[in-house]
Each structure stands twice: as structure tokens, then as C-alpha cells.
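Here are a few exercises to work through with the viewer open. Try each task before reading the solution below it.

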Amino acid sequence: MDRFEAGDKARIIQELVPGKQITIAHIIANPDEVLYKKLGLNPAEEHKGAIGILTVSPSETAIIAGDIAIKSSGATLGFVDRFSGTVILTGTVSEVDASLTAITDYVRDKLGFTVCEVTKT
């Protein structure tokens, strides 16, 4: 007899096990102005053509990522959260791409992180 009979439900428990990783590195090219507003960004000041999203673990790595982002290109930091590991960048597509690439290269090569591919929509 199977473990799961008709009507039985599987119970799945998900946990975050902190590792050294970047789980999202994504560029939104040409986002609508409403997305800037929903993210708490000022579209008049920060709308240059792209938004970059990065999620890192451990979350304190967001501080390092923010530093690398502003030093590696003309991208602007829209948001850095050392508690959730979220970094949001704005700038031209090439600025955001350069920042995300610099961050992923550094944490992979210098800190030994597992890094996802930089994606774009």
C-alpha cells in the first residue's frame, strides 16, 4: 500500500538554511513608472531605464553588494536590507548589468558563494 492513500495530504515544511549564495540577480529593463512607485523609489529621480534585484544569503552580504554596486558603475542604490539580503539598484541597463556582474563575480571568486545567472526581462 502507498504511503499516501486517497485523501491523504503530504505535509511539506520549508526552511531557509543560510548558505553562501546569490539566489536572484535580475534586471528589469524599461520598467513601468508604477513599479518604481510600488518599490518606494522616486521615478523622477531614479528612472534611467532599469531596475536590478539581488537576493543574497547570508543577508549581511547585502552591505558588501551595495558597496560593490556603487563602486563598479554609475548605478544608484534604491534599497539595501541587511536583514532580508535584498538589494535594489537603478540605472541604465548597462550600469545595472555591470553592477550585478561585479557583485556576482566578487562573491563567487573571492567569497566562495554559489551564484545564479544574471537574468533579464
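**Exercise 1.** Does Ser 59 count as buried or exposed, and why?

*Solution.* Keep in mind that this is a predicted model. Start by finding the residue: Ser 59 sits in the loop that links strand 2 to helix 3. Next, look at its accessibility, which is 16% in relative terms. The cut-off for buried is under 20%, so Ser 59 counts as buried. Finally, see what is around it: setting aside neighbours within four places in sequence, Ser 59 is in contact with Asp 81, Arg 82, Phe 83, Ser 84 and Gly 85.

**Exercise 2.** Work out which residues touch the most other members of the largest nonpolar core, then follow Val 87 outwards.

*Solution.* That core has 17 residues, and the ones touching the most other members are Ile 22, Leu 54, Val 87, Leu 100 and Ile 103. Two or more residues each come from strand 1 (21–29), strand 2 (50–57), helix 3 (61–72), strand 4 (86–91) and helix 4 (93–109). Now pick Val 87: beyond four places in sequence, its contacts include Leu 54, Ala 62, Ala 65, Leu 77 and Phe 79. There's also a second, separate core of five residues, among them Ile 28, Leu 41, Ile 51 and Ile 88.

**Exercise 3.** Find the residues that make a nonpolar surface patch of about 220 Å².

*Solution.* The patch is made by Val 34, Leu 35 and Leu 39. Take Val 34 as the test case: it belongs to helix 1 (residues 33–38). Its relative accessible area is 45%, so Val 34 is partly exposed.

Methods: Residues are numbered from 1 along each chain as its sequence is written. This is a predicted model: local features need pLDDT of at least 70, side-chain atom pairs count only at pLDDT 80 or more; totals for chains, interfaces and linings use all residues. Side-chain values use heavy atoms; hydrogens and water are left out. Patches are made of residues with over 30% relative accessible area and no salt bridge: like charges are joined within 9 Å, nonpolar side chains (Val, Leu, Ile, Met, Phe, Trp, Tyr) within 5 Å. Accessible areas come from the Shrake-Rupley method with a 1.4 Å probe; for residues, only the protein chains shown count as cover. A salt bridge is a side-chain nitrogen of Lys or Arg within 4 Å of a carboxyl oxygen of Asp or Glu. Helices (H or I, at least four residues) and strands (E, at least two) are DSSP runs, numbered from the N terminus. Buried means under 20% relative accessible area, exposed over 50%, partly exposed in between (1.4 Å probe, protein chains only). A nonpolar core is a set of buried Ala, Val, Leu, Ile, Met, Phe, Trp, Tyr and Cys residues joined through side-chain atoms within 4.5 Å. Contact means heavy atoms within 4.5 Å.
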